[in-house]
Amino acid sequence: MEGLPLYMKYQIPIEGYERFWEGLKKGEIVATRCKRCGNEYFPPRVNCTCGSSDMEWFEVKREGIVQTFSEVFSKPQGFEDFSYIVGIVNVGNLNLMCWLVGKPRVGSRVMLRTDGTRVIGDVVD
Ligand SMILES: [Zn+2]
């Protein structure tokens with residue numbers, strides 16, 4: 001058995017989220033914050049769980065801490081040639097999913113960047 005393809009993608013509708021996709025292309029990582037209750041979302045949402053749609057965009061801090069991660073050994077088609085680690089990184093009030101580069105452990109510091117289409121965390125220590 002060769003294994004099954006596995007994809008990591010952001011499930012974000014295009015309409016209302018152009019700021020997110022345009023930000024990634026420019027190297028920015030943006031999230032949304034509810035102006036009523038302060039909840040923050042990544043992936044961004046344009047409607048808060050409190051019922052408000054009064055949201056603002058903000059740029060996510062670049063330094064985070066690894067909460068958990070998983071190394072994928074059964075690599076999907078197109079990703080056979082490099083190591084592939086997906087992690088959850090805490091940045092302030094957010095826990096965001098990203099690809100990790102390096103040798104992470106729980107508690108590792110990472111610096112976040114984008115490659116134009118996704119968020120990547122470079123493990124610092
Ligand atoms: Zn809210």
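## Strand pairing, question by question

Biologist: Which residue of strand 7 stands opposite Glu63?

Modeller: In this predicted model, Glu63 faces Met111 of strand 7.

Biologist: What makes strand 4 and strand 7 a pair?

Modeller: Strand 4 and strand 7 (residues 109–114) share three bridges, in the antiparallel sense. Pairing requires at least two bridges found by DSSP, so these strands count as paired.

Biologist: How do you know that strand 1 and strand 2 pair?

Modeller: Two bridges link strand 1 (residues 30–34) with strand 2, antiparallel. The cut-off is at least two, therefore they pair. Thr32 is opposite Tyr41 of strand 2.

Biologist: And in the open sheet ordered 2-1-3, why is one side of strand 2 and of strand 3 left without a neighbour?

Modeller: The three strands of that sheet are paired antiparallel. Strand 2 (40–41) and strand 3 (55–59) are at its edges with a single partner strand each, so each has one side with no neighbour in the sheet.

Biologist: What joins strand 5 to strand 4, and what joins strand 5 to strand 6?

Modeller: Strand 4 (residues 63–71) and strand 5 (residues 85–91) are connected by six bridges, while seven bridges connect strand 5 with strand 6 (residues 94–101). Both counts satisfy the cut-off of at least two, so strand 5 pairs with each of them. Val86 is the bridge partner of Ser70, and Val86 also has Trp99 of strand 6 as a bridge partner.

Biologist: Which residue in the turn of the hairpin formed by strand 7 and strand 8 has a positive phi?

Modeller: Gly116, with a phi of about 105°; four residues lie between the strands. In the hairpin of strand 5 and strand 6, Gly92 has a positive phi of about 60°.

Notes
Residues numbered from 1 in each chain as written. Predicted model: local features only at pLDDT ≥ 70, side-chain atom pairs only at ≥ 80, totals over all residues.
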